Amino acid sequence: WWSSYFREYMFHNLLADKGYTVLDMDYRASAGYGRDWRTGIYQFMGGKDLTDNVDGAAWLVKEHGIDPKRIGVYGGSYGGFITLMGLFTTPDVFAAGAALRPVTDWAHYNHGYTSAILNTPYADSVAYAKSSPIYHAEGLKGALLICHGMVDVNVHFQDVVRLSQRLIELGKDNWELAVYPVEDHGFVEPSSWTDEYKRILKLFEENLNK
């Protein structure tokens, strides 16, 4: 069916036309699968939901003969967060990833959303530390692309600024940041969407299609 994420749908068809195998999965906490599935990320975002992605990669290798050294991941918002967690905490699984408007520290995100999953930073600091990519950045091995709008009122731009500084302090040089000065959380300008997807495709072509 035609997903509401129509741009991603078209991009996935472009990837398939270029010979990529695309797995677009509903990982843990996705809607429509019951209470236990929905609450599987309680106190640990980037735990079972990331494991689902890792299991998906293993399935592609086993069932479809995909080269385990040429698997990439990308996503926006929560998917951007998952991309960061994948590259930082399971770096041998994903050779490259594009994190679009990602949450990097849940302590800086919307209280109403986050507190229902991780409680509060004061009451459950361990959950926030486990779940926030900025505290795992030292694990980065693969190529990372980060894209973020500067006027994002959902995931604030400061998130990616703080992560950039952390990557600099860690001496990482296999990452790049694309900044979109006029864009909010959901891009509006066609030129911004085009630029973003061109960068993702370039990332995959240079790191996966060898």
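**Entry 1: the sheet**

I began with the first strand pair and found that 5 bridges join β1 to β2, the two strands running parallel. I took two strands as paired if DSSP finds at least two bridges between them, and I took helices (H or I, at least four residues) and strands (E, at least two) as DSSP runs, numbered from the N terminus. I note here that this is a predicted model, in which local features need pLDDT of at least 70 and side-chain atom pairs count only at pLDDT 80 or more, while totals for chains, interfaces and linings use all residues. Residues are numbered from 1 along each chain as its sequence is written, and side-chain values use heavy atoms, with hydrogens and water left out.

Within the β1-β2 pairing, I saw that V73 stands opposite G97 in β2. I then looked up the whole sheet, which is open, has 4 strands in the order β1-β2-β3-β4 and shows parallel pairing. Its edge strands, each pairing on one side only, are β1 (72-76) and β4 (175-180). From one strand to the next the twist averages 10°, where axes are lines fitted to C-alpha atoms, for helices over the stretch in contact, and angles run from 0 to 180 degrees between N-to-C directions.

At the other end of the order I looked at strand β3 (residues 143-149), which pairs with β4 in the parallel sense over 6 bridges. There I found V179 of β4 as the bridge partner of H148.

**Entry 2: burial of β2**

I checked β2 for accessibility, with buried meaning under 20% relative accessible area, exposed over 50% and partly exposed in between (1.4 Å probe, protein chains only). In β2, 5 of the 5 residues are buried, so the strand is largely enclosed by the rest of the structure. Both faces are covered, with A96, A98 and L100 buried on one side and G97 and A99 buried on the other.

**Entry 3: helix α8**

I looked up α8 (residues 190-207) next: the helix has 18 residues and reaches 26 Å from its first C-alpha to its last, close to the 26 Å expected at 1.5 Å a residue; the expected span is 1.5 Å times one less than the number of residues. I listed its buried residues as S192, W193, E196, Y197, I200, L201, L203 and F204. Seen down the axis of α8, these buried residues fall within an arc of 165°, so they line one face of the helix; the arc is that of the directions from the helix axis to the C-beta atoms. The face turned away from the buried side carries the exposed residues P190, S191, K198 and K202. I followed the buried residues of α8 to their partners and found them packed against α1 (6-17), β1, β2 (96-100), β3 and β4, contact meaning heavy atoms within 4.5 Å.

**Entry 4: helix α1 and H12**

I compared the span of α1 with expectation: its 12 residues should span 16 Å at 1.5 Å a residue, and its end C-alpha atoms are 17 Å apart, which agrees. Its buried residues are E8, F11, H12 and L15, and seen down the axis of α1 they fall within an arc of 105°, so they line one face of the helix. I found the buried residues of α1 packed against β1 and α8.

I then singled out H12, which is buried with a relative accessible area of 15%. Not counting residues up to four places away in sequence, H12 touches V22, D24 and Y74. I noted that H12 and V22 are 10 residues apart in sequence and 6.6 Å apart in space, C-alpha to C-alpha.

**Entry 5: positive phi**

I kept in mind that most residues other than glycine have a negative phi. A29, although it is not a glycine, has a positive phi of about 85°; I placed A29 in the loop between α1 and α2 (35-38), where it counts as buried at 14% relative accessibility. S77, also not a glycine, has a positive phi of about 65° and lies in the loop between β1 and α4. I also recorded G19, just after α1, with a positive phi of about 100°.

**Entry 6: helices α3 and α4**

Last, I looked up how helix α3 (residues 48-64) and helix α4 (residues 78-89) pack, and found an angle of about 70° with their axes 10 Å apart. The two helices are therefore roughly perpendicular to each other, under a scheme in which angles under 35 degrees count as roughly parallel, over 145 as roughly antiparallel, 65 to 115 as roughly perpendicular and the rest as oblique. At this packing, D49, L50 and N53 in α3 meet Y78, F81, I82, M85, G86 and T89 in α4.
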